[in-house]
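Reader: I've got a new model open at the bench and I'd like to go through it with you, one spot at a time.

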Amino acid sequence: MKLEAVELIRLNVPLKSAFRTSFSSVNVHEVVWAHAITDVGEGWAECGANDRPDYSSEYHTGAMAVMKQFLLPDLFKLGNDLTAESIAPTLFWAKGHRMAKAALETSILDAQLRAANTSLATYLGSTKTRVPSGVSVGIMNSLEELEQFVAGYLAEGYVRIKLKIEPGWDYEPVKMVREKFGDDLLLQVDANTAYTRDDFDLLKRLDEFNLLLIEQPINEEDVLGHAKLADYIETPVCLDESIISADIARDAIELGAAEIINIKPSRVGGYIESKKIHDVSVAAGIPVWCGGMLETGIGRAANLALAAMPGFTLPGDTSASSRYFETDLTEPFVLVDGHIDVPTGPGIGIDPIPEIIERFAVSREWVRA
Ligand code: OSB
Ligand code: MG
């Protein structure tokens, strides 16, 4: 196939309520999409970067700049030799920028699979037709507010609760949720690197709550620190930010730093690398689950295909459209009995709704061969 053009679309999508983590509080989710035009048809993908370099070093304006100046010219140069599988090797010389690369690879993979009439789930070797859905619950202003939100999500049917934590919002909220909602609730926490090696005793106090896991407690570069923590506490240590490739995943597992892995395709450079991380983890007996970046339906559809792979044995942050959005940009994904259906159509299996793109788009720009 051949890449003819890519449209980069920036959208500002309002959230139903502010989403607060240890690194930011967001009311309007700023989104970038790649819309690929090839000789065999079009494809869509969502870039996982945030507007600021707060979760990773990547950010929207930077991701778009590297796509325009370095990544896209190389993909145009491939001419008729372009395949989704050829993209990572072609762009290997460019260090980092995995979220930018993932957006381009996924949009072209979507076009390739649509043309072949194959779903992304089939391409990845996924086996499930629906996946259990967890929900990520932001840091709140009070325990009362947190209790209301958790009660609401459980009433909707979410099968697992993840609480965002940070110093000062950890032991008490976890204790409250455990006491109010019972010992059977699947409960985990995510610190987004907010702690340090000096906080191990504090984190050990969470052992009494029988959590499924603690996600990325300390600095993403301190993989050895996570191994030391994993030795020190009972709660399984799960890595998110640290795992940017299958090589790092292999090393983190061998070091004992990753007892569980959160796979986010955007963070690791796409779905092909995600599958490698899945395979490395399964071979080592490490459970994986699918993380999220507040994706609209375009990103969520592809994540659901990944989450349906056999090694994804823990519920993901693959929540329904209504978790974050009053209006999604695709047909909404709905929660049924705590699960979401995996799209079965060709490619990512869903299309954006043009009128809704128009409503939320702040800029649309074409990059041509
Ligand atoms: O660390 O998993 C994270 C959202 C933005 C950036 C990082 C993270 C998150 C979430 C929410 O926890 C995941 C989602 O519901 O999409
Ligand atoms: Mg996380």
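Reader: Leaving out residues up to four places away in sequence, which residues does Thr318 touch?
Author: A contact here means heavy atoms within 4.5 Å. Discount the residues up to four places away, and the list for Thr318 runs Val131, Pro132, Ser133, Gly134, Cys290, Arg300, Asn303, Leu304, Ala307 and Ile340.

Reader: Before we go on, at what pLDDT do side-chain atom pairs count?
Author: Residues are numbered from 1 along each chain as its sequence is written, and chains are lettered from A and ligands numbered from 1 in the order in which they are written. Side-chain values use heavy atoms, with hydrogens and water left out, and since this is a predicted model, local features need pLDDT of at least 70, totals for chains, interfaces and linings use all residues, and side-chain atom pairs count only at pLDDT 80 or more.

Reader: Back to Thr318, then: does it count as buried or exposed?
Author: Thr318 is in the loop between helix H12 (297-307) and helix H13 (321-324). Helices (H or I, at least four residues) and strands (E, at least two) are DSSP runs, numbered from the N terminus. Buried means under 20% relative accessible area, exposed over 50%, and partly exposed in between (1.4 Å probe, protein chains only). Thr318 comes out at 2%, so this residue counts as buried.

Reader: And Asp207: which backbone nitrogen does its side chain have at 2.9 Å?
Author: You'll find Asp207 in the loop between H7 and strand E8 (214-215), and its relative accessible area is 17%, so it is buried. Beyond four places in sequence, Asp207 is in contact with Ile233, Glu234 and Thr235. The backbone nitrogen that lies 2.9 Å from a polar atom of the Asp207 side chain is that of Glu234.

Reader: Which side chain makes a polar contact with Asp74?
Author: Asp74 is part of helix H1 (residues 60-77), and at 16% relative accessible area this residue is buried. Not counting residues up to four places away, Asp74 touches Thr90, Leu91 and Trp93. A polar contact is a pair of N or O atoms within 3.5 Å; within protein, one must be able to donate a hydrogen and the other to accept it, and residues adjacent in sequence count only if both atoms are side-chain atoms. At 2.9 Å, the partner side chain is that of Trp93.

Reader: What about ligand 1: which residues are closest to it?
Author: A residue is near a molecule if one of its heavy atoms lies within 4 Å of it. There are 17 residues around ligand 1, and the closest are Lys164, Asp190, Asn192, Leu294 and Tyr324.

Reader: How much of the accessible area of ligand 1 does the protein cover?
Author: Let's start with the polar atoms: a side-chain N or O atom of Tyr324 is 2.6 Å from an oxygen atom of ligand 1, and a polar side-chain atom of Lys162 is 3.0 Å from an oxygen atom of the ligand. Met293 uses its backbone instead, with an N or O atom 3.3 Å from a ligand oxygen. Accessible areas come from the Shrake-Rupley method with a 1.4 Å probe; for residues, only the protein chains shown count as cover. On its own ligand 1 has 390 Å², and the protein covers 98%.

Reader: How many charged residues are in the shell around ligand 1?
Author: Domain 1 (3-117 + 351-368) and domain 2 (121-341) each supply at least three residues to this shell; the domain bounds come from an automatic or database domain assignment. For the classes, Ala, Val, Leu, Ile, Met, Phe, Trp, Tyr, Cys and Pro count as nonpolar, Asp, Glu, Lys and Arg as charged, and the others, Gly among them, as polar. The shell has six nonpolar residues and three polar ones, and the charged ones number eight.

Reader: How far apart are the C-alpha centres of those two domains?
Author: The protein is divided into domain 1 and domain 2. Their C-alpha centres lie apart by 23 Å.

Reader: How many residues does domain 2 put into the contact?
Author: Both domains take part in it. Domain 1 gives 37 residues and domain 2 gives 43.

Reader: Which helix and strands help cover the buried residues of H6?
Author: In helix H6 (residues 171-181), the buried residues are Tyr171, Pro173, Val174, Met176, Val177 and Arg178. Their cover includes helix H5 (143-156), strand E6 (160-164) and strand E7 (187-190).

Reader: Last one: is His97 partly exposed or buried?
Author: His97 is in the loop between helix H2 (84-91) and helix H3 (98-115). Its phi is positive, about 55 degrees, although His97 is not a glycine. The relative accessible area of His97 is 32%, so this residue is partly exposed.
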